Amino acid sequence: MRHIISLLMENEPGALSRVAGLFSARGYNIESLTVAPTEDPSLSRMTVVTSGSDDVIEQITKQLNKLVDIVKVVDLSGGDHIERELMLVKVRASGKDREEMKRMADIFRGRIVDVTDKAYTIELTGTGSKLDAFLGALEQGVILETVRTGASGIGRGERILKV
Amino acid sequence: MELTAGVTTELSGAEITMRCLQAEGVEFLFGYPGGAVLPLYDEIFKQEKVKHILVRHEQAAVHAADAYARSTEKVGAVLVTSGPGVTNAVTGIATAYMDSIPVVIISGQVPTHAIGQDAFQEVDAVGVTRPCVKHNFLVKDVKDLAVTMKKAFYLAATGRPGPVLVDIPKDVQTAKTNFFYPQSVSMRSYNPVVKGHSGQIRKALQLLLEAKRPMIYTGGGVVLGNAAAELLHLVHALGFPCTNTLMGLGGYPATDPQFVGMLGMHGTFEANMAMQNCDVLLAIGARFDDRVIGNPKHFFQEDRKIIHVDIDPSSISKRVRVDVPIVGDVREVLQEMNRQLAAGKERPDPVAVKTWWDQIGVWKGRDCLKYDRNSKIIKPQSVVEKLYELTKDMDMYVTSDVGQHQMWAAQFYKFNKPRRWINSGGLGTMGVGLPYALGVQLAHPDATVACVTGEASIQMCIQELSTAKQYRLPVKIVNLNNRYMGMVRQWQEFFHGNRYAESYMDALPDFVKLTESYGHVGMRIDKPEDVEPALREAFSRKNDLVFMDFITDQTENVFPMVPGGKGLSEMILV
């Protein structure tokens, strides 16, 4: 099963590689991984999307907690949460295709953030499946380039991950 | 971080490091000098509190510090230079990591401005050691040095212990700053649980008291957690059988009638059968290693309840599903369990426990450790048996290397006290035996230290005979020489159709001459009747290192044996 794990860790050099090393050394899967400092500059927040049986996820959580740099770990998939991923897509857009491309971006609530004679760059946020759907809706061949951030997640309502 | 005490004088990083080691009560610093740590060696020269032990290879420095820690309750300390010094130390670090041994390794690093430039003797020490340390640090500013050292010792010794590396660039060793050494540290990200949950402990006790076929299985955690007395109390109070893992030997007295021997791949028939057939299992400071339970699929039984006590939550339910997890220091948990048991009126069902012991008695009747006692060639088991008989009343420590001799030592030497059996259980590192013996002898100068080894293992760190000479360490080496990598040969015999690929040790040295060349005493023993006199003579030579080269039966194998991937009840017996 797919799980989205959020963790707070000391904002210290090498912390990221400890996490990445843990996953590779123990043979766990990383689907995506995003990390950035939080409002407290001494802490970084990382979101790891992974998959595995309940036993595997329990081990992943325990092993992460064991790392000395890691302050807190939660499995967001254990409750209601919001998940977002950012994608930038560069598409071929010239002549009458330009209108069509604009409409398509609007439907998916995307924004065109860069324009040239021949191309648009569209910014899109949402869950991974929404971004996949957008790519699927485009005609083959119009996509010039894509870049995605991997998921970030936060608990709904009163659920807070904080020290 | 709290700074609660300190002195305000400008000191160099090297001076600070030495002050920290002194403040931590480090007696011995095992190491090897090199360009990147010379400022530190200069400080070693200027003081007398911390004694430096010069080994002949960095791997041995870590092994010796590790054995020092295993045989005392203290943290071992190591100093190595950058680059090749650190990479040589990695085997030692990984060995300590697998067995959860508290060691602090200080490594020199190229100056900060040269880091990342592929400088001479540069290696990413933090990167190279990351998978096999509890934690590691690169100190980039001398102002962080003292606090980092405090954290290193704190991390190494608390929670589940382990090795911690501190990498110090050469310019940080020479830079100066005010010296404050904190008396304590608190880290928001590191708070090991010490006290076990009392409700869970009550639940565990309830299960144990209702058990019809109970079993107590303990590991290295009991030894490291100094919980032997509490364990003995509990096992006696309950009247249940107790087994130790290879790492746990001595955690429960081997001569006690409730001890059923070691379990696992080369454990006794009775221990393995009791483990496999019990209905309630209490696991304490043990981690259900593959060498202990074989394949978890074969171990799984729907109706068996498992209680697991461990300080490391990630060890619980890692290989087998646990019904009652108890996270905490084993000593604290056992104390609480003893308290609750004494306070309550309930006692185990005497009829059920008697029936269970009768069954164990039947298994014991197989005499699974028997061997040919009338052999004309020296049987390795007989050497260990004789060693035990002659030394059981001494203040005795036994180290071992890795292989058949290790298993015979574990099976035939009866350890009644913890921290007396020193060996590499987790990583299974060949070459540890001699450096282990040196570390133990330094920690216990008046004790008798024997290293049970084989001709293949000993050669992996044999250069340490030189260290033994320098510091006059009179260890007794019991070499069970069968001219084969014995355990490799045994597996080739069982699983590879007797094709002894590269397991034959051709071109062996003359160990007697080799030992003599280092200035020690060598003996060669090739007749069964000479075993006892040789051991007697060796152990009477209090001040000499004696290397006893026992020429043993080449064909002898270790039994019982649970083949890899099988279940505990699928043992091969003699």
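Okay, let's start with the sheet in chain B. It's an open sheet of 6 strands, and if you walk across it the order is β16-β15-β17-β18-β20-β19, with parallel pairing. At the edges sit β16, residues 421–422, and β19, residues 521–525, and each of those pairs on one side only. Keep in mind as we go that this is a predicted model.

Let me zoom in on one pair of neighbours there. Strand β18, residues 476–481, runs parallel to β20, residues 546–551, and 6 bridges join the two. If you want a spot to click on, take B:Leu480: its bridge partner in β20(B) is B:Phe550.

Staying in chain B, have a look at B:His444. You'll find it in the loop between α18 (433–443) and β17 (448–454). So, is B:His444 buried or exposed? It counts as buried, because its relative accessibility is 18% and the cut-off for buried is under 20%. And what does its side chain reach? One polar contact goes to the side chain of B:Tyr397, at 3.2 Å. The B:His444 side chain also reaches the backbone oxygen of B:Ser71, at 3.1 Å. Leaving out residues up to four places away in sequence, B:His444 touches B:Ser71, B:Thr72 and B:Tyr397.

Right, over to chain A, and a strand there. β9 covers residues 152–155, and its side chains alternate. A:Gly153 and A:Gly155 point to one face and are buried, while A:Ser152 and A:Ile154 point to the other and are not. That fits the general picture, where side chains in a regular strand alternate between the two faces of the sheet. β9(A) pairs with β5, residues 81–92, in the antiparallel sense over 4 bridges. One of the bridge pairs there is A:His81 with A:Gly155.

Last stop: where the two chains meet. The contact takes 18 residues from chain A and 17 from chain B. Together the chains bury about 1500 Å², with 43% of that on carbon and sulfur atoms. How many salt bridges are there between chain A and chain B? The count is 5. One to look at is B:Arg188 with A:Glu10, whose side chains meet at 2.9 Å, N to O.

On the chain A side, α1 (15–25), α2 (54–66) and β4 (70–75) each supply at least two of the residues that touch chain B. The largest share, 6 residues, comes from α2(A). By type, the chain A residues touching chain B divide into 5 nonpolar, 5 polar and 8 charged.

Definitions and conventions:
Residues are numbered from 1 along each chain as its sequence is written. Chains are lettered from A and ligands numbered from 1 in the order in which they are written. This is a predicted model: local features need pLDDT of at least 70, side-chain atom pairs count only at pLDDT 80 or more; totals for chains, interfaces and linings use all residues. Side-chain values use heavy atoms; hydrogens and water are left out. Buried means under 20% relative accessible area, exposed over 50%, partly exposed in between (1.4 Å probe, protein chains only). Two strands pair if DSSP finds at least two bridges between them. Contact means heavy atoms within 4.5 Å. Buried area is the accessible area (1.4 Å probe) that two parts lose on being put together, summed over both. A salt bridge is a side-chain nitrogen of Lys or Arg within 4 Å of a carboxyl oxygen of Asp or Glu. Ala, Val, Leu, Ile, Met, Phe, Trp, Tyr, Cys and Pro count as nonpolar, Asp, Glu, Lys and Arg as charged, and the others, Gly among them, as polar. A polar contact is a pair of N or O atoms within 3.5 Å; within protein, one must be able to donate a hydrogen and the other to accept it, and residues adjacent in sequence count only if both atoms are side-chain atoms.
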